[in-house]
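These are my notebook entries from a first reading of one structure, written for someone who has not met it before. I looked up single positions and larger features in turn and wrote down what each search returned.

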Amino acid sequence: FLDKESEDGEEQVHLPQAEDERYRRFLVNVLVDNTGVERPPIVVETSPNYRNLFGTIEKVVDRSGHWRSDFLHIKAGSVLRANGGFLVINLLDAIVEPGVWPALKRTLKNQHVDIQVFDSTYLFSTSATKPEPIKIDVRVAIIGDPSSYHILAGMDPDFPKIFKVKAEFDSVMPRTPENIHRYAAFAASFCAAQGFLCMDKTGVAALVEHGVRLSGRTGKISTRFGEIANIVREANYWAGRMEALIINREVIARTIREKDNRVRLPEEKL
């Protein structure tokens, strides 16, 4: 590492250690940093493409204008970040992304992740860097609808072998005082998180009644919380239009009435 003079007698330009190519091979590329992690990691991958799940090897243009890649450009994916813990992905998103589903099955069956460059427009890898496969121990939870599950279970023989546990969530629950209290807590926390107006007990009662109507049975209440959240969003809007200081029964009733009016074209034609 001693500085030497060039052949013409001129001294070399002193560069910072991070930019000096002589030190580059001795640098460290940290793929995953679990500093301060005290429990198994839970990674929710909202964009499960090949690069985000399995990592990649990036390429940069050097000073001479050529594409270059080395071990410092190896980037980890969600599978490696979730090693020792759990990875949650959406089933439909994983299926439609090129190359993701076969690679995911291969990774889970072999219990190791192979980081490489993947480009759907090319049939081969464009990087000469070949990292060794990394042993992993990860649990993958995929979220999807029942129809997608049955299609894969019938057409892909590896699917029931890899994903052995199936869990279903009911769209209704018993209309008990405890669940009604949870409804009120959900509405209150949602309003606080979104910065909406507060909801009084009459508004909560109207929201619970709407949940009962969605379930279709008097002794049940709907667990379609996305639909309930949409009612709260629109109720906050109509409260502003009605110049109300709080979301009460009248505001919820106006919200449901306006929502029904937008989709009652068949009734109006009849």
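**Entry 1: the end of a helix and what follows**

I began with Asn110, which I found in helix α5, a helix made of residues 100-110. Before going further I noted that the model is a predicted one. I then asked whether Asn110 is buried, partly exposed or exposed. Its relative accessibility is 40%, and since buried means under 20% and exposed means over 50%, Asn110 counts as partly exposed. I also looked up a distance across the chain: Asn110 and Ile136 are 26 residues apart in sequence, and their C-alpha atoms are separated by 9.2 Å.

Next I turned to Gln111, which sits in the loop between α5 and β7, the latter being residues 112-113. I recorded a positive phi of about 60° for Gln111, although this residue is not a glycine. I kept that entry because most residues other than glycine have a negative phi. With a relative accessibility of 26%, Gln111 counts as partly exposed.

I then read Asp114, which is placed in the loop between β7 and β8, where β8 is 134-135. Asp114 has a relative accessible area of 23% and is therefore partly exposed. From C-alpha to C-alpha I find 9.9 Å between Asp114 and Leu80, which are 34 residues apart in sequence.

**Entry 2: another positive phi**

Which loop holds Glu243? I located Glu243 between α10 (225-241) and α11 (249-262). Glu243 is not a glycine, yet its phi is positive, at about 60°. Its relative accessible area is 71%, so I entered Glu243 as exposed.

**Entry 3: the open sheet**

I looked up an open sheet of 3 strands and wrote down its order as β1-β6-β9, with parallel pairing. Which strands are at the edges of the sheet? They are β1 (42-44) and β9, each of which pairs on one side only. Averaged over neighbouring strands, and with direction ignored, the turn of one strand against the next is 20°. As background I added that strands of a sheet pair through backbone hydrogen bonds, either parallel or antiparallel.

I then took the two pairings one by one. Between β1 and β6, which is residues 86-90, I noted 3 bridges, and these strands run parallel. How many bridges join β6 to β9? There are 5, and this pair also runs parallel. Val88 of β6 appears in both pairings: Val44 stands opposite Val88, while in β9 the bridge partner of Val88 is Ala141.

On the chain before this sheet I checked Leu31, which lies in the loop between α1 (21-24) and β1. Leu31 has a relative accessible area of 29%, so it is partly exposed. Leu31 and Gly55 are 24 residues apart along the chain, with 9.5 Å between their C-alpha atoms.

**Entry 4: the largest pocket**

I searched next for the largest pocket, which holds about 600 Å³ of space. I counted 19 residues in its lining, and those closest to the centre are Ile142, Ile143, Val165, Lys166 and Ala167. Three elements give two or more residues to this lining, namely β9 (139-143), α6 (146-155) and α7 (159-162). Which of the elements gives the most to the lining? It is β9, with 4 residues, and I noted that β9 is also an edge strand of the open sheet in Entry 3. I sorted the lining residues by kind and obtained 14 nonpolar, 1 polar and 4 charged.

**Entry 5: aromatic rings**

My last search, over the whole structure, returned 10 aromatic pairs. I looked at the rings of Phe159 and Phe163, whose centres are 5.4 Å apart and whose planes stand at 40° to each other, so I entered this pair as tilted. I reasoned that planes under 30 degrees apart would count as stacked and those over 60 as edge-to-face. Are these two residues buried or exposed? Phe159 counts as buried at 1% relative accessibility, and Phe163 counts as buried at 11%. Finally I recorded one aromatic cluster, formed by Tyr183, Phe186, Phe190, Phe196 and Phe225.

Methods: Residues numbered from 1 in each chain as written. Predicted model: local features only at pLDDT ≥ 70, side-chain atom pairs only at ≥ 80, totals over all residues. Heavy atoms only, no water. 1 Å grid on protein atoms, 1.4 Å probe; cavity = no way out; pocket = protein on both sides within 12 Å on 5 of 7 lines; lining within 4 Å. Points joined across faces, edges and corners; volume = space filled by probe spheres on them. Nonpolar A, V, L, I, M, F, W, Y, C, P; charged D, E, K, R; others polar. Phe/Tyr/Trp six-rings, centres within 6.5 Å; stacked < 30°, edge-to-face > 60°. Buried < 20%, exposed > 50% of the residue type's maximum accessible area, 1.4 Å probe, protein only. Pairing = 2+ DSSP bridges. Axes fitted to C-alpha atoms, helices over the stretch in contact; angles between N-to-C directions.
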